[in-house]
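Here is a short conversation about charged side chains. Shall we take a look together?

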Amino acid sequence: MGELKSLPGGSETILIVDDHETIWDFLIEALQDLGYSVLLAENGFDAVEIYRENPGMVDLVLLDMIMPKCGGHQAFYQIRECDPQAKILLSSGYVSENEVQDLLRQGACGFLSKPHRIAVVAQAIRAALDGQIINS
């Protein structure tokens, strides 16, 4: 993973919400190599619980849109209910443009399509943490 050295990193805490183990393994390792602390939720229900139980601890949520139990759309609104300032980056391979646009209008920081490329993810995370809007 030598290409990580040139990517923007940070020391913030990122909550990854995804139901695919291969995606977590890849993202967790890459983001930790960039200096971030990483928390993991396997579905939207767990994500909301983790966010609620750790007030002020999560700097950014990387939220998959399609998951069992509680999908990204529902989780987005529940996290925003706990914290209207929550920084949430959406992620998906298959989701309607309308759904994405709806959440972007509601204040999501941006949208990353899958499969993830770590260079794109790293830049989007840094930009979102720094208060920029991302469209990839």
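The questions and answers below deal with salt bridges and one arginine.

Author: A quick note before we start: this is a predicted model, where local features need pLDDT of at least 70 and side-chain atom pairs count only at pLDDT 80 or more, while totals for chains, interfaces and linings use all residues. Residues are numbered from 1 along each chain as its sequence is written, and side-chain values use heavy atoms, with hydrogens and water left out.

Reader: How many salt bridges does a search of the whole structure find?
Author: A salt bridge here is a side-chain nitrogen of Lys or Arg within 4 Å of a carboxyl oxygen of Asp or Glu. With that rule, the search of the whole structure gives 4.

Reader: Which residues are linked with Arg126 in a network of salt bridges?
Author: Arg126 pairs with Glu12, with closest N and O atoms 2.9 Å apart. Arg126 also meets Asp130 at 2.8 Å, N to O. The network's other members are therefore Glu12 and Asp130.

Reader: Is Arg126 buried or exposed?
Author: Buried means under 20% relative accessible area, exposed over 50%, and partly exposed in between (1.4 Å probe, protein chains only). Because Arg126 has 15% relative accessibility, the verdict is buried.

Reader: Which backbone oxygens does the side chain of Arg80 reach?
Author: Arg80 is buried without a salt bridge, and Asp83, the nearest side chain of opposite charge, is 6.6 Å away. A polar atom of the Arg80 side chain lies 3.0 Å from the backbone oxygen of Ala86. At 3.3 Å, the Arg80 side chain also reaches the backbone oxygen of Pro84.

Conventions. Lys, Arg positive; Asp, Glu negative; His and termini not counted. Polar contact = N/O pair within 3.5 Å; in protein donor to acceptor, adjacent residues only side chain to side chain.
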